[in-house]
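User: I'd like to go through this structure and learn why the labels are what they are. Can you take my questions one by one?
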Amino acid sequence: MSETVFYILSGFIIVFSVLTVTSRKILRAAVYLLFVLLGTCGFYFALEFNFLAAVQLTVYAGGIVVIIIFSIMLTSDLQDKLEAVQFRKIFFSLLAVLIGAAVCITTILNHSFPQVTDKVLDSSMRTIGLRLLSYNEGGFVLPFEVISILLLAAIVGSIIIAKKADSK
Amino acid sequence: MENFLYTLIIPVILFFSFIFTGLSGNKFKPAVSGIICTATVFISAALSYWTAYQYFFLHGKVNGVYQIINVYKIEWLKFNETLSIDIGILLDPISVMMMVVITTVSLMVHIYSIGYMKGDSGYSRYFAFLSLFTFAMLGLVLSVNIFMTYMFWELVGISSYLLIGHYYNKPSAVSASKKAFIVTRFADLGFLIGILLLSAFAGTFDFNELTNPNGNAILQSASTTFMGLSAISWALILIFIGCAGKSAMFPLHIWLPDAMEGPTPVSALIHAATMVVAGVYLIARLFPLYVFTSPVALEVVAHVGAFTSLFAAIIACTQTDIKRVLAFSTISQIGYMMVSLGVSGYGAEEGLGYMASMFHLFTHAFFKALLFLGAGSIIHAIHTNEIYSMGNLRKYMPLTHITFLTACLAIAGIPPLSGFFSKDEMLVAVMEKNIFLFAVQYVVAGITAFYMFRLYFTVFWNKDKKYEHVPHESPNVMLITLIFLAVCSALAGLIPFSQFVSSNGVPFSTHIHMNIAIPVVGIALAGILLAYALYKKESLSPEKIKNSLGVFYRSAYRKFYIDEIYIFVTKKIIFNLISVPVAWFDRHVVDNTMNGIAYTTNFVSEKIKYMQSGQLQQYAFIMVAGMILIFLLTLYLIIV
Amino acid sequence: MDLILLILVPVLTLAALMTAGTKAQARMIAAAGTGVQLVLSVYLVIVYLMERGSGNIEQMLFTEKYVWFNTLNIYFSTGVDGISVSLILLTAIVTFTGVLASWDVDYLYKEFFISLIVLSTGVFGFFISLDLFTMFLFYELAVIPMYLLIGIWGSGKKEYSAMKLTLMLMGASAVLLVGLLGIYSYSSPTGATALTFNIIEIANVDIPVEAQRYFFPMVFIGFGVLGALFPFHTWSPDGHSSAPTAVSMLHAGVLMKMGGYGCLRVAMYLLPEAANEMAWIFIILTSISIVYGAFGAIVQTDLKYINAYSSVSHCGLVLFAILMINEIVMNGAVLQMISHGLMTALFFALIGMIYSRTHTRDIREMTGIMKLMPFLSVCYMIAGFASLGLPGLSGFVAEMTIFVGAFQNTDIFHRSVTILAASSIVITAVYILRVVAKILLGPAGDNLPSGIKDAVWNEKVVTIILIVAIAGMGLVPLWLSDMILNSLGPITEKLALIK
Amino acid sequence: MTIEQLLLMRHEIMLLIAAVIILIIELSAGKDNKSLMIPAAVIIFSLVTFIGFLPIETGKLFGGSYNTSDMIILMKNSLNIGVLIVIIQSAGWLKHSFENFDNSGGYFFIIISSVIGMDFMISAGDFLMFYIGLELATIPIAALAAVEKMKRRSSEAGIKLILSAALSSGILLFGISILYATNGSLFFSSLSSDNLNSSLQILAFIFVFTGVAFKISLVPFHLWTADVYEGAPVNISSFLSSISKASAVFILIILLFTVFNSLVSVWNTVLYYTAVITMTIGNLFAIRQQNMKRFLAFSSIAQAGFIPLGIIGGTQFGISAVIYFLLIYIFSNLGAFGVVSAISNATGKENMDDYNGLYRTNPKLSLVMMLSLFSLAGIPPVAGFFGKFFLFTAAAVQGYYILVFIAVVNATISLYYYLLVVKAMFINKSDSPIEFINNDNYTKAGLLICAIGIIIIGFAGIIFEFIESASTGI
Amino acid sequence: MESGVGIQHFMILSTLMFFIGVYGFLTRKNLITILLSVELILNSVNINFVAFNKFLYPENLGGHFFAMFVIAVAATEVSVAIAIIISLYRKLKMIDVENVNEMKY
């Protein structure tokens, strides 16, 4: 991946991230998030994780963001702007976040990562499929199964909450 | 050697009589308790006479020296190999002598009390305590071990407390008993510390070892010094403080006059004849120790005794309560004994003072008991203690009058009554050692005669006073004792005392020293005449003298304000300056510190509650900030 | 004799109490259980003396070991020497009389007796334990029922007092725990053997003196708070004054003794170097306790407060004696524990009885009750005399042993504080006689309720048992003192070696 | 892979079967015929719990993603017991209103799946399973916390829980990703053999620690606890406070001793200070609480502060002390919550003042409450004393005397507020005390189990021996 | 890979994104916008995993799968969260985070 692509994409992502957390219109924030997700998706493509990029598009951009937008429309008046945040809150949060980021980034920059290996990444659909259903080392069938329970439980939970309260 | 084991019965039977009378309480008629107790005392007395006979005339003397006989000794409480409290019976001349005195006076008092206490609601209690007292006193004099002495010393104190407070409905009696106990208790602290010090140096509590002139205790003492005096001196002075408390030496005498709140027979027994001389007795008991290790302590004894005798005699002249006069007289007489002891040396003739002191103790017991019982007889008749409310009683109470007069003459030292002999010996002893003390004692002899006859004339002569009912002579049971004691007082002086008692157990003989006897009798007669002039003839007005003496009289009348000083010390200093602040400190400082910890916790808890504001974002902020803080701490402060 | 019986009997009593239905049943069961316990304790004393008489010179007799937590080397190991035997007897007497003294508890009677017996179980367990763990366990077990007993059945500002007492004692046990764990972690300095809580085993080990310096104050203060060590004594006046009769009896009579016992058995015995080094600090504190408690008692107007401060003073003497480090004085300390236990139990029992009749404990409101209730008043006087150290009663024996022993130390410091401590006997006389004069003597007060009756049978039994015990100890102390003295050898030897 | 191998996952499989049966009952039973649900759930889960105790082989599955050891089985069994009690105790609440009752199937299903998540989390051999287990244990519970739709507090609790949990899992994930960057493996075994000591790895550790500490509610990651416990239904609070917390402690132990064992000096320091502030802050807040659930929440925070004492020494004894402590803690806490729940269901009263005079009307409830609180406070002879004592011993033996000192002082402070409740029940008098509550048999059984556990576990030295012998896995 | 873009670039990018998400979490007023911030955080993690997988450890697909599962978990999280938010909205008629504060102190 060329530096240019990286900087463009990352610039794109950072800008929209910032917009996501600062925009005073909720729907716009959601849309900015969608752009961030798309930008990330671009990275996935660029890094040759095509399958993941597809998942990102369908699940994230297509699923999650849509739910969020629905719920925004359900709960908010789209014309409303959010109230401005208290300065105190911004100040302290910014302070914490900046210090945190600074610490992390300094540490990262001081760290010498292992040399990039010359092994080749194999992210073909076939490999992914095999690995996903393998129960040997490097296989992911167990998480795959467990996450299905998670999804089921989440569904049940959501249903319990969302059911009309006065069923009687 | 003859088996003296039966002497064990003498005190023990009294203890059982106390327990029996005390526990059976009101189950019997009161008279039964009285009779039981009197009977037991009688047995004791009889046994003590037998013992005295056995000891002095048959078995006590070996090679011309009276032996110290440990009749019986068991370990009562063991501290370590050498230190232990033993219980037992020790016979030597003075303990046998004391035993006789105590049982005799006690018997008299018991008999007297049968009449005197008749109708009192606490009749059996009274007799129970009398028995207890007699038991304790016997235990004290017979003890083999200084700690045993201390134990009975305390018991004597407590029974004295109980008896003084016999009329516990009377607040004055209650406070007098309390005062007596606390003052003597304070003195006992000195005694206790003295014992402790003594034991630390001598390594024993046993009298045999302590008083053995060739024993370790005496030979190896006096090594350590503290503030200029050897430690053993300090110990002996401290023990003397204990003695001073019991024997009412200045300035610990203040309890004795107040103790007169008790029934009069009790005053006779405890506060005249027996308990108050325990101090003298104890010093006599430890005499070798005093003489050989600490002449300084003996000097202290002598000077305190001299001062007290003078001081008390002066006060006695001004008091108007018959029993208080007698009380101060007692103090003064004990002062005498102390002086005599204090100037004595060790040995036969050398120890004349010792012998004289014991002699005076002996005679004093009889005549002072007689005086008190006589006073009791008077009080019994007219229900007041105030001498100016009395007068011309000889008309109503002839026997009381005669016996009282005998006693007065005896105490004044008029020959051939007992007081003359003992006083003479004492003054001789003092004369030999210290002329200054002699002068004091000489004056006191005169004052003694004066105040005794002041009392005598005021009470038995002069005009009738208004009496509620016509005074009557006391019942026979009381009179018998008066007569018996009068006989004793009159004749006791004829006993060749030095043949029996001396500081080292070797008998010696004495004679009357005319060069001293005559001036002494002279000054006594002068005192009597002065009293006659003032209070019988009233040719000189006592009022005028009082006025002319002014401040001095008033302060003597107020007992030189010693009581006030004590009240100041106890109320103002102990109570208000120590106890109240201590209690305040406890409540407000110590307690509040503890509470303060709790308050602080609650306070902090209240202050930090805003951390939990219910705002999700604040929670998240604290979480993130906390995490970042841990970053900083671990990465830059602790690890790096 | 199987010492576990001493735990088993209370536990069975507890079980029986659970089934009790009526008040009569409950109190009968409690009395029977504690009575059996008393008989057992007397029997224990007898067999102990017989065993010693037959020449058994083991440090601890009747030892048993039941494995409990094997990994930590925790055993439920029991055993007694003369010290614990005498304290067990004391506990049994006080518990039994305590039950009798609370014969008329009406409110939640069953729970009352249950709590009381739980408390006594703790105390018995504490005294028979040879293992620091079980010792600590029983210590806390004994403290916690206090809260309920005072809080529910107490009087006055009971909630405050109960909370204060519990928190201070548990706070102390917190400090103590650190000390005990410290001892545990140094109980095998070479690592050759497993760490142990067993007292006898630890005693054979030399704990490094640097470590001792940390743990000695902790252990001593931890136990000392229970023994009313200045300035941690403030739970005592409030607690005692609010507690119901039996609880005051047990607490002052027995519980506070656990403090002294712990100091002796753990602090002094297991940490001898530090004990020798640091004793002076605590001697000063305890001297303050002694004098300060006595002075504090002079001005109080509530009978229970007077007695509570007096307990501070007397228990201060116990700790004081323990710190003077020699055989005589430590013997005195144990004697004082027993003596104080008995007489303070008697005091509190009597105060309770008087209070139940006059409905006041303020000495300014009572006069002349000798006339109204002669039996109780006489008993009160006897208790007072015992307290001020009258020969023939227990207090004298104990105090004198302490003073004589303390004076065996030759340096000026020890001697001067001994004199200071001895001076407390005068102050004691002052406040005891003050009370006696104020409330017992004098003309009968007219502000007291009419129709006051003297003691009833159970009250008589209580007072007579205690008085007999006090007088018995006072009259024939030798067997007791010898029994204790013979057991002090190991402790004093260990302390003396270091000296 | 054979069936026998698969059976190594017995706990999870049993739970899964249980969950499925519950679902089937839920679906097959008619709308008005759900009375079967509660007894069925209780019976099934009792079976599951029982079977969990049968002896079993240990080993690894799925190439190391899943592994068991004696200790892990022990942990799972402890959790199972706790969950069984929660399930029994829930009966009262489920019957309390029709709406709850209607949801009982879903309720049990979610509880059980949450336990499945915990079991997988504890058994996890790599970070992926750990993460998924963690989420499975948390997310559905958040839904349950919000289940009482008529109560605003319930929804508030739910939203606070899920959002805080999301943030914390984000942080955790970030840490995991950094670990991945430095090592390249997600497997614990591979990570633990690597010598982690660079700053970046420390950073990663702190991220991961934050995520787990959040679940244990160590200060300063505890703030959600009180609000969530107060708002959520009582049984969910008790589930969160005991089961959820215990599972998080278990995984923390596993992580610290496998993945981060080379960072021992770092995490010792971190744990040291977190322990101190956790106890202190928890206590300081608990002192002034009135609402019983909130009170227990802070108490559980304070209790959590004691746990690091066992971990910090890094000894086998310390670990067994922690497990032992947690087992006792589960019983004690569930006992206390059980009483609160019984009273809350019957009367709706949750404040300490309402408990005044409780003993006169409800002696048994009061006694169980007192036992539980004493156990929490660490008062003998109930089990809590032993748990705390061993924790303190573990730390003291390692020389952390000051920490032990702070801990015991805090234990004393905690005694204060536990006694406040005891005081309310036994000492205070009330004009209108809570009427006598006639509890159903489930509640009674639940409380009885707790009471027995509280009494037995301490005395029976064998239980500790068993734990000690089992916790050799690390 | 052939260019100068290294692993640290990606890490800085993801760190920034992470902290931007945290910032959003701390400051946004609307519950749904907070949820958006959470998504940012998760997304930053995913970038990390993917980038490490690609650059450092291409021989296994750990990072890749991790990212995939994170996406799935994120979906469940969002669904449950939104269910709760809506249920809250029914009662409060608003979803401002600062009003979710009935329980405090």
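Analyst: Sure, and one term comes up all the time: two residues are in contact if their C-beta atoms, placed from the backbone, lie within 7 Å. Bear in mind that this is a predicted model, where local features need pLDDT of at least 70, side-chain atom pairs count only at pLDDT 80 or more, and totals for chains, interfaces and linings use all residues. Residues are numbered from 1 along each chain as its sequence is written, while chains are lettered from A and ligands numbered from 1 in the order in which they are written.

User: Which residues of H6(C) meet H19(D)?
Analyst: On the H6(C) side they include C:Glu159, C:Met163, C:Gly171 and C:Leu181, and among their partners in H19(D) are D:Tyr401, D:Val408, D:Thr412 and D:Lys423. By class, this contact has 17 nonpolar, four polar and two charged residues. Here Ala, Val, Leu, Ile, Met, Phe, Trp, Tyr, Cys and Pro count as nonpolar, Asp, Glu, Lys and Arg as charged, and the others, Gly among them, as polar.

User: Why are H6(C) and H19(D) called roughly antiparallel?
Analyst: Helices are DSSP runs (H or I, at least four residues; strands are E, at least two), numbered from the N terminus. Axes are lines fitted to C-alpha atoms, for helices over the stretch in contact, and angles run from 0 to 180 degrees between N-to-C directions. The axes of H6(C), residues 158–185, and H19(D), residues 401–427, come within 9 Å and cross at roughly 155°. Angles over 145 degrees count as roughly antiparallel (under 35 is roughly parallel, 65 to 115 roughly perpendicular, the rest oblique). So H6(C) and H19(D) earn the label roughly antiparallel.

User: What makes H2(C) roughly antiparallel to H3(C)?
Analyst: The axes of H2(C), residues 23–53, and H3(C), residues 82–101, cross at roughly 160° and come within 9 Å. That crossing makes H2(C) roughly antiparallel to H3(C). Among the residues making the contact are C:Ala30, C:Leu38 and C:Tyr48 of H2(C), with C:Val85, C:Phe96 and C:Leu100 of H3(C). They divide into 15 nonpolar, five polar and no charged residues.

User: Left-handed or right-handed: what is the crossing of H2(C) and H3(C)?
Analyst: Left-handed. The word applies if the near helix is turned anticlockwise from the far one by less than a right angle, and right-handed applies if it is clockwise. The crossing of H6(C) and H19(D) is right-handed.

User: How do you know that chain E is more spread out than a compact globule?
Analyst: Chain E has three helices and zero strands, in the pattern α-α-α along the sequence. The radius of gyration is taken over C-alpha atoms, and the globule rule is 2.2 Å times the number of residues to the power 0.38. For 105 residues the rule gives 13 Å, but chain E has 17 Å, well over that, so chain E is more spread out than a compact globule. The box its C-alpha atoms fill is roughly 55 × 25 × 25 Å along the principal axes.

User: What share of chain E counts as buried?
Analyst: 74% of its 105 residues. Buried takes 20 or more other C-beta atoms within 10 Å of a residue's own (12 or fewer is exposed, in between is partly exposed), with C-beta atoms placed from the backbone.

User: Which helix gives the largest share of the side of chain E that touches chain A?
Analyst: In that contact, 64 residues of chain E meet 70 residues of chain A. H3(E) gives the largest share of the chain E side, 21 residues.
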